[in-house]
There are 2 protein chains.
Amino acid sequence: MNISTLCLGILALGEASGYEIRKRFEGPFRHMHEPSFGSIYPALAKLTRDGMVSCTVHSQEKRPSKKVYSITPAGRLALRQELESALPGPDRIRSDFLVTMLFSDILSPDFIDAAVTERIAFYNELGAVLQSNECGGNAGREFVRGYGMAVCRAAVEYLETVQRSTQDRETLTAA
Amino acid sequence: MNISTLCLGILALGEASGYEIRKRFEGPFRHMHEPSFGSIYPALAKLTRDGMVSCTVHSQEKRPSKKVYSITPAGRLALRQELESALPGPDRIRSDFLVTMLFSDILSPDFIDAAVTERIAFYNELGAVLQSNECGGNAGREFVRGYGMAVCRAAVEYLETVQRSTQDRETLTAA
DNA sequence: ACGGACATGTAACACGTTACATGATTAA
DNA sequence: TTAATCATGTAACGTGTTACATGTCCGT
């Protein structure tokens, strides 16, 4: 899924400026994508050239003016066609944490323990952000929110179980 | 986590050829990384130049010879230093499925249903692969295996719940 | 005879990030 | 006055994928 399609999708849910599109991915969906301005602005420019979105400049007081983009009927059609052209491909989890854990045999137990503890905090916080985000919108957002929460819960549960069993083993060794 | 570190880590768990490294990511860990030959071979060449791994050519009968790489003490040290230099960064889930679902409002219900059904099958299969993979190795593999299974279970559970509630709603509408 | 597994490698390409460039307003 | 937020945009760079190039052996 390229940034262009992502922007088009966001605009299908409501008009926004490039800056605002970025902001939408700083909240509950930051674990999915965090596109940079360097990719968003060129994408919006191209979408405009291709007639997928239209752009209006909004002047603001005490703020720089912003370019608000709206999806056009052609853009909506193109988005549908692209998304429905094939079932979505497999998910890929880019996790330095899991890779690190995969090689845990050659790392120090203290480091591993710190990494697990940090990751529990990470997923607890993500879960909390998702929960607090309340039904702030459409069915799609609700689905993704629920999915994220389910996965966060499962991750924390697993990590805590592993950590407890590690601590038990240490207590046993110490005794 | 770049391919170079990934290769080094794999070699820390045992010697392998470039082709074999690729194979290791076709099994239970294919949801994490699926590095291409075009990235593995140059990475191994560079690791060799840098003295991180050593390379021996194994001639085989009825098969092309292969270059088997082994991690060197320097490589093991470098790997530890790199991994322990900082706690792993946040996980990122690249999921065309979730992005599609996020925009489900403008897509056909049939397509959404098909996508969910397919994804349930996907995670059921991944869960099965992880389960069948048995304690085939070190503690790290076991951890990642367990983590993957927990997440798969949670995903399938959530998806099935959503699908059931959608079907209920349809039954209600039809009645 | 043809496709697939084994096996390695290079070159072109796509894509996104980081850094740079600019500039106003506001809170500490 | 220093940093942060708002706001847009370009250029250089890094990293990985796809396609290409080559060759054997095996099953059908």
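Author: Buried means under 20% relative accessible area, exposed over 50%, and partly exposed in between (1.4 Å probe, protein chains only). This model is predicted: local features need pLDDT of at least 70, side-chain atom pairs count only at pLDDT 80 or more, and totals for chains, interfaces and linings use all residues. Residues are numbered from 1 along each chain as its sequence is written, chains are lettered from A and ligands numbered from 1 in the order written, and side-chain values use heavy atoms, without hydrogens and water.

Reader: What is the relative accessibility of Arg80(A)?

Author: Arg80(A) counts as partly exposed. Its salt-bridge partner Glu84(A) is partly exposed too, with a relative accessible area of 25%. For Arg80(A) the value is 33%.

Reader: Which helix holds both Glu84(A) and Arg80(A)?
Author: Their side chains form a salt bridge (a Lys or Arg side-chain nitrogen within 4 Å of an Asp or Glu carboxyl oxygen), with the closest N and O atoms 3.5 Å apart. The two residues are 4 residues apart, about one turn of the helix. Helices are DSSP runs of H or I, at least four residues, and strands are runs of E, at least two, numbered from the N terminus. The helix is H4 (residues 73-84) of chain A.

Reader: Which residue pairs with Lys23(A) in a salt bridge?
Author: Side chains of opposite charge can pair when their charged atoms come close. Lys23(A) is partly exposed at 38%, and its partner is partly exposed at 34%. The N to O distance is 3.1 Å, and the partner is Glu26(A).

Reader: Which residue does Lys23(B) meet in a salt bridge?
Author: Lys23(B) is partly exposed, with a relative accessible area of 37%. Its partner is partly exposed at 35%. They meet at 3.1 Å, N to O, and the partner is Glu26(B).

Reader: How many salt bridges does the rule find across the interface of chain B and chain A?
Author: Over all chains the count comes to 20. One bridge joins the side chains of Glu34(B) and Arg92(A) at 3.5 Å, N to O. A network of salt bridges links Arg22(A), Glu34(A) and Arg92(B). Across the interface the number is 4.

Reader: How many residue pairs are in polar contact across this interface?
Author: A polar contact is a pair of N or O atoms within 3.5 Å; within protein, one must be able to donate a hydrogen and the other to accept it, and residues adjacent in sequence count only if both atoms are side-chain atoms. Both residues must be at pLDDT 80 or more, and the pairs number 26.

Reader: Which element gives the largest share of the side of chain B that touches chain A?
Author: Several elements of chain B each supply at least two residues, including helix H1 (3-12), helix H4 (73-84) and helix H6 (109-132). The largest share is 15 residues, from H7(B).

Reader: Which side-chain contact reaches a phosphate oxygen of DNA strand C?
Author: Ile3(A) approaches through a backbone N or O atom, 3.1 Å from a phosphate oxygen. Glu34(A) also uses a polar backbone atom, at 3.5 Å. A polar side-chain atom lies 2.4 Å from a phosphate oxygen, and it belongs to Gln60(B).

Reader: What share of the DNA strand C atoms within 4 Å of the protein belongs to sugar or phosphate?
Author: There are 23 residues around the strand, and among those that come nearest are Ser36(A) and Tyr19(B). A residue is near a strand if one of its heavy atoms lies within 4 Å of it. Bases make up the rest of these strand atoms, and the sugar or phosphate share is 68%.
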